[in-house]
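Colleague: Please give me a close look at a single part of this model. Keep it brisk, and spell out each cut-off once.

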Amino acid sequence: MTVRFSRAAYDELVAHGREGAPREVCGVLGGSNDVDSEVREVRRVENVAERPHSRYELDAAGQYEAMSAIERAGDEVVGFYHSHPNGPPRPSGTDRAEASWEEYAYVIVALDGAPFVGAWRLGGDGFEAERVTVDGLG
């Protein structure tokens, strides 16, 4: 499967990661889920983890509001995102252990060097990598 970002959503995702560094940032992604996922909206949610430099936890009320706003706009929740300000450009052991939303995209913005945006989907066998594309980028 592919997770396709509008250019504006991709730019917002990377900007949020950079603005929040060195802490991890997080949020909810809105758009559509057909054969592939299309991300048109990035909704920031406060990271309330005790150690936000190395973990993330979406504020429950903020997550609910973000998901509700996406649905009120006529879109679907595509998935969730968080940043890895110092890498790695893949889910960490903690990310794997704490993931619980099956069939949603988990997007990671790694900022150790040039920005890297990767996506994985949680299924019965754990995370599976997905292709990421951005409208307007080569």
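Modeller: What follows is one strand, then its partners, its rings and the parts around it.

The model is predicted: local features need pLDDT of at least 70, side-chain atom pairs count only at pLDDT 80 or more, and totals for chains, interfaces and linings use all residues. Residues are numbered from 1 along each chain as its sequence is written, and side-chain values use heavy atoms, with hydrogens and water left out.

The part I chose is strand 4, residues 76–84. Helices (H or I, at least four residues) and strands (E, at least two) are DSSP runs, numbered from the N terminus. Burial comes first. Eight of the nine residues of strand 4 are buried, so the strand is mostly covered (buried is under 20% relative accessible area, exposed over 50%, partly exposed in between, with a 1.4 Å probe and protein chains only). G79 sits in strand 4. G79 is buried because its relative accessible area is 0%. Next along the chain is F80, also in strand 4. F80 has 4% relative accessibility, so F80 counts as buried too.

Now the strand's partners. Two strands pair if DSSP finds at least two bridges between them. Strand 4 pairs with strand 2 (residues 26–33), antiparallel, over six bridges. One contact to pick out there is C26, whose bridge partner is H82 in strand 4. Strand 4 also pairs with strand 5, this time parallel, again over six bridges. Here S83 has V109 of strand 5 as its bridge partner. Between those two parallel strands the chain runs from strand 4 through helix 3 to strand 5. That β-α-β crossover is right-handed: with the strands pointing away from the viewer, the path from the first strand over the helix to the second runs clockwise.

Next, the rings. A pair of aromatic rings is described by the distance of the centres and the angle of the planes. Rings of Phe, Tyr and Trp (its six-membered ring) pair if their centres lie within 6.5 Å; planes under 30 degrees apart count as stacked, over 60 as edge-to-face and the rest as tilted. By this rule there are five aromatic pairs. F80 and Y104 make a tilted one, with 5.8 Å between the centres and 50° between the planes. This pair links distant parts of the chain, 24 residues apart. F80 supplies the ring from strand 4, and Y104 the ring from the loop between helix 3 (93–98) and strand 5 (105–110). Burial splits these two. F80 is buried at 4%, while Y104 is partly exposed, with a relative accessible area of 24%.

A second pair is Y106 with F127. The ring centres of Y106 and F127 are 5.2 Å apart and the planes stand at 80°, so this pair is edge-to-face. Y106 belongs to strand 5 and F127 to strand 7 (residues 126–134), so the pair ties together parts that are 21 residues apart in sequence. Y106 and F127 are both buried. The two pairs belong to one picture: F80, W101, Y104, Y106 and F127 form one aromatic cluster. Strand 4 enters that cluster through F80.

Then the link out of strand 4. R90 is placed in the loop between strand 4 and helix 3. R90 is partly exposed, because its relative accessible area is 46%. Past helix 3, in the loop that leads to strand 5, lies E103. E103 counts as exposed, since its relative accessible area is 51%. Check its backbone: phi of E103 is near 70°, a positive value in a residue other than glycine. Leading into strand 2 on the other side, P22 sits in the loop between helix 1 (7–20) and strand 2. There, a cis peptide bond joins A21 and P22, with omega at about 15°.

Last, some C-alpha distances for your own checks. G79 and V45 are 34 residues apart along the chain, with 13 Å between their C-alpha atoms. R90 and F116 are 26 residues apart in sequence and 9.6 Å apart in space, C-alpha to C-alpha. V3 and V107 span 104 residues of sequence, yet their C-alpha atoms are 9.1 Å apart. V3 is in strand 1 (residues 2–5). Its relative accessible area is 0%, so V3 is buried.
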